[in-house]
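Biologist: I am new to this structure and would like a close look at a single part of it, the site where the small molecule sits. Please start there and then work outwards to the surroundings.

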Amino acid sequence: MSAPTDQRPPMAVLDIDLAAIRHNVALLRERVDRPLIAVVKGDGYGHGIIEVTRAALEAGADGIGVTTIAEARAVRSAGIDAPLVSWLHAPGADFEWALRHDVEVGIGAIEALEDVAALELPARLHLKIDTGLARGGCPPHLWPQLVARAAQLARDGRLRIVGIWSHFACADEPAHPSVRHQLARLHEAADVARAAGLREFALHIANSAATLTAPESWCDAVRPGIALYGLDPMAGDGARFGLRPAMRASARIMLAKDVPAGTGVSYGHTYVTERATRLAVVPVGYADGIPRIASNKAPVMIGGKHYRIAGRVCMDQFVVDVGDDPVQAGDEAVLWGDPAYGEPSAQQWADAAGTIHYEIVSRAGGRFLRRHHDDLRADSDEEEE
Ligand SMILES: *Cc1c(COP(=O)(O)O)cnc(C)c1O
């Protein structure tokens, strides 16, 4: 097999608009007069961790948030020396690498605190309190013990506690009573830490939903993720906040053909044509992150017109019934992009798949070619000229 050449048009593309990312970061940074930690975990929610990190920093992000130390390593290996915090660690995590590369570490358990202290390296830590998500973080009954030990280590000059933080369970439902409750628990935890002698920490809890809807939660810094990518954490249209989606997923029609009425389409024949019609085959499937559960549901735009997937999504392809429209092999099918340009939204795909757009964008991969654009919409406006 010969390697594909650059001249051949790719079959399927994730176009990432770095101008949209910069726009979204700048917008949030302006609305929120606090430091902004841009969350780029999960390969930048599927948008590319390095490119997203650079764009976010250019647009005014104050720091970068990742989950694993492997992600922190990717950022540092790209030569990015911005403030960086990593907060998801299994036992045996490589804290030494993190500390030697100036990575701040989130800690939610006394064992992890002792592991870090034992390294006897300069360490900047963010202590995590579980205020009600019941996922990571120190449960409230162990918090006094964790902060007492941290304060002792800090007094001995062995490490610094630069953050106290938590994570919301239901901030995407703005009136949910747990938001107020979790915020109150966070402030109590900060009081306990102060009483133990810790003083210099920044308090942070706000994800995108809270950053957009709950100013009382902004504390000393905000940690938005999904909003940087232009998507609305409350499952609406991000445009209502001025956000611009940064990912456009498209593929070139592989084959278009006319079939008679009564044709069963794709595995299981779950779609049967009602009349003579034209079918277009789109060459991406569940191996590329297209959810199979979106079979017969998700929207696809071809030639400016919206259609629905016909029949089951397969591993490598799915079919669209385009009726009488003269769709041809090679035509572009847009799966999701920016509704402001008439394209289907990642939210519509999420609705079709019974999930959230976070999952749609962060799982897109496989054989999609991911391309980064300094300004996608300006680029495509030029192409049209
Ligand atoms: C993912 C994550 C965020 C960002 O959440 P969004 O809903 O994408 O804004 C913030 N903080 C933590 C701890 C996270 O894991």
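Modeller: Around the ligand there are 14 residues (a residue counts here if one of its heavy atoms lies within 4 Å), and those that come nearest are Lys41, Tyr45, Ser208, Ile226 and Tyr358. Before going further, please keep in mind that this is a predicted model, in which local features need pLDDT of at least 70 and side-chain atom pairs count only at pLDDT 80 or more, whereas totals for chains, interfaces and linings use all residues. Residues are numbered from 1 along each chain as its sequence is written, and side-chain values use heavy atoms, with hydrogens and water left out.

Among the polar contacts of the site (pairs of N or O atoms within 3.5 Å), the side chain of Ser208 has an N or O atom 2.5 Å from an oxygen atom of the ligand, and the side chain of Lys41 has one 2.6 Å from a ligand oxygen. His167 also takes part, with a side-chain N or O atom 3.5 Å from a nitrogen atom of the ligand. Taken alone, the ligand exposes 380 Å², and the protein buries 95% of that; such areas come from the Shrake-Rupley method with a 1.4 Å probe, and for residues only the protein chains shown count as cover.

From Ser208 one can move to Val222, which is 14 residues away along the chain, with 8.1 Å between the two C-alpha atoms. Val222 is found in strand 9 (residues 221–222), where strands are DSSP runs of E with at least two residues, helices are runs of H or I with at least four, and both are numbered from the N terminus. At 0% relative accessibility Val222 counts as buried, a word used for values under 20%, with exposed for values over 50% and partly exposed in between (1.4 Å probe, protein chains only). Leaving aside neighbours within four places in sequence, Val222 is in contact (heavy atoms within 4.5 Å) with Val32, Pro35, Leu36, Ile37, Ala206 and Thr211.

Thr211, one of those partners, lies in helix 9 (residues 208–213), and it too is buried, with a relative accessible area of 1%. Not counting residues up to four places away in sequence, Thr211 touches Leu28, Val32, Ala206, Trp218, Val222 and Pro224. Between helix 9 and strand 9 there is a loop that holds Cys219, a residue that has a positive phi of about 50° although it is not a glycine. At 12% relative accessibility, Cys219 counts as buried.

On the side of Lys41 and Tyr45, the next element to look at is helix 4 (residues 69–77), whose buried residues are Ile69, Glu71, Ala72, Val75 and Arg76. Seen down the axis of helix 4, these residues fall within an arc of 155°, so they line one face of the helix; the arc is that of the directions from the helix axis to the C-beta atoms. Ala70 and Ser77, on the other side of helix 4, are exposed. Helix 2 (41–45) is included in what covers the buried residues of helix 4, as are helix 3 (49–58), strand 3 (63–66), strand 4 (84–86) and helix 5 (95–100). After helix 4 comes Gly79, whose phi is positive, near 85°.

Turning towards His167, helix 7 (residues 143–155) offers a further example, for its buried residues are Trp143, Leu146, Val147, Ala150, Ala151 and Leu153. Down the axis of helix 7 they fall within an arc of 165°, so these buried residues line one face of the helix. They pack against helix 6 (110–118), strand 6 (124–128), strand 7 (160–165) and helix 8 (177–195). At 1.5 Å a residue, the 13 residues of helix 7 should span 18 Å, and the end C-alpha atoms are 18 Å apart, which agrees; the expected span is 1.5 Å times one less than the number of residues. Gly157, which follows helix 7, has a positive phi near 75°.

To set this part in the whole, the protein chain comes to 12 helices and 19 strands, and 52% of its 385 residues are buried. Its C-alpha atoms fill a box of roughly 80 × 45 × 40 Å, taken along the principal axes.

Key: Polar contact = N/O pair within 3.5 Å; in protein donor to acceptor, adjacent residues only side chain to side chain.
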